[in-house]
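Q: Please take a close look at a single part of this structure, and set it in the context of the whole chain for a reader who has not seen it before.

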Amino acid sequence: MVGRAAASCRAAWSDLSDQELLAQCALDTYRASGPGGQKRNKTSSAVRLRHLPSGLIVIAEESRSQHENRARALRRLRQALYLKVRDEIPAERLQQNALVMHPVYCGVRSQAGRPHLGRKDARFWPVVGLVLDVLQAVNARVSDAAAALGLSTGNLIDFLSSDPKVWQQANVLRGRFGQKPLRD
């Protein structure tokens, strides 16, 4: 359902508590290969979450603790929702600077007008979701998306390049609309 998600599904899913989001998932545990020795090979500590409404699948197998891996998988699922599930943006919201007052976006710009967020900021992934929604709404044209967000094209490119997964998803969107990939 990633491509055909309803307009407010991502917000409804991403606003859920960890327990509520986990209740929407099929949880599989398994034994992961790799370093860790005897202990790792005897415990089913790796976690695979399948979010049934969206079809997204994430895994976490770094830790020998199933609880730590479950928490990592939930974080990754929230990130995947922002990266992969697109919400429709009405055309009137795409007018120049109309999105500046969007609740997700209004407090994240610096005095210079750039998005002022690090990847560890709790607002980062919701802003990524909005930026990718705008990029999709304008057929992946970066200059049009930047204008709708009240940014320069260079500032938008800098934001997209702040995380490799965001950059990759932006290029997936560009490919979907017949645009050339953005260069590193």
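A: A residue is called buried here if its relative accessible area is under 20%, and exposed if that area is over 50%, with partly exposed in between. The model is a predicted one, and the part chosen for the close look is helix α5, residues 124-137. By the cut-off just given, 13 of the 14 residues of α5 are buried, so the helix is mostly covered.

The setting comes first. The chain has 184 residues, and 42% of them count as buried. Its secondary structure consists of eight helices and three strands, arranged along the sequence as α-α-β-α-β-β-α-α-α-α-α. Among the contacts between residues with a separation of 6 or more, 55% join residues 24 or more positions apart. The accessible surface amounts to about 10,100 Å², and carbon and sulfur atoms account for 50% of that area.

Helix α5 itself spans 20 Å from its first C-alpha to its last, which is close to the 20 Å expected for its 14 residues at 1.5 Å a residue. Just beyond the helix comes Asn-139, whose phi is positive, near 60 degrees.

The packing around the helix can be described next. The largest nonpolar core of the chain contains 33 residues, and Val-128, Leu-132, Val-134, Leu-135, Leu-149, Leu-156 and Leu-160 are those with the most contacts inside it. At least two residues of this core are supplied by each of α4 (66-84), α5, α6 (142-149), α7 (153-160) and α8 (164-176). Of these contributions, that of α5 is the largest share, at nine residues. A second core, separate from this one, has 16 residues and includes Trp-13, Cys-25, Leu-49 and Leu-81.

Leu-135 shows what such packing looks like for one residue. Leaving aside residues up to four places away in sequence, Leu-135 touches Ala-140, Arg-141, Val-142, Ala-145, Ala-170 and Leu-173.

Aromatic rings form another feature of the helix. Two aromatic pairs are counted. In one of them, Phe-124 and Trp-125 meet edge-to-face, with 5.0 Å from centre to centre and 85 degrees between the planes. Phe-124 and Trp-125 are each buried. Phe-124 also pairs with Phe-159: their ring centres are 5.5 Å apart and their planes stand at 55 degrees, so this pair is tilted. Because Phe-124 belongs to helix α5 and Phe-159 to helix α7, the pair ties together parts that are 35 residues apart in sequence. Phe-159 is buried, as is Phe-124. Together, Phe-124, Trp-125 and Phe-159 make up one aromatic cluster.

The helix also carries Asp-133. With a relative accessibility of 3%, Asp-133 falls under the 20% limit and therefore counts as buried. Apart from residues up to four places away in sequence, Asp-133 touches Arg-10, Val-85, Arg-86, Asp-87 and Ile-89.

Two residues outside the helix offer a contrast in exposure. Ala-91 is situated in the loop between α4 and α5. The relative accessible area of Ala-91 is 53%, so this residue is exposed. In space, Ala-91 is 9.2 Å from Val-138, C-alpha to C-alpha, although the two are 47 residues apart in sequence. Val-172 is part of helix α8, and its relative accessible area of 36% makes it partly exposed. Val-172 and Leu-182 lie ten residues apart in sequence, with 10.0 Å between their C-alpha atoms.

To complete the setting, the strands deserve a brief description. Strand β2 (residues 46-51) runs antiparallel to β3, and four bridges join the two. One position of this pairing sets Val-47 opposite Ala-60 in β3. The two strands form a hairpin with five residues between them, and Gly-55 in the turn has a positive phi of about 85 degrees. In a regular strand, side chains alternate between the two faces of the sheet. Strand β3 (residues 57-60) shows such alternation: Val-58 and Ala-60 point to one face and are buried, whereas Ile-57 and Ile-59 point to the other face and are not buried.

In summary, helix α5 is mostly covered, gives nine residues to the largest nonpolar core, and is tied to α7 through the pair of Phe-124 and Phe-159.

Note on methods. Residues numbered from 1 in each chain as written. Predicted model: local features only at pLDDT ≥ 70, side-chain atom pairs only at ≥ 80, totals over all residues. Heavy atoms only, no water. Buried < 20%, exposed > 50% of the residue type's maximum accessible area, 1.4 Å probe, protein only. Pairing = 2+ DSSP bridges. Contact = heavy atoms within 4.5 Å. Areas by Shrake-Rupley, 256 points an atom, 1.4 Å probe, with all protein chains shown as cover. Expected span 1.5 Å × (residues − 1). Core = buried A, V, L, I, M, F, W, Y, C linked by side-chain atoms within 4.5 Å. Phe/Tyr/Trp six-rings, centres within 6.5 Å; stacked < 30°, edge-to-face > 60°.
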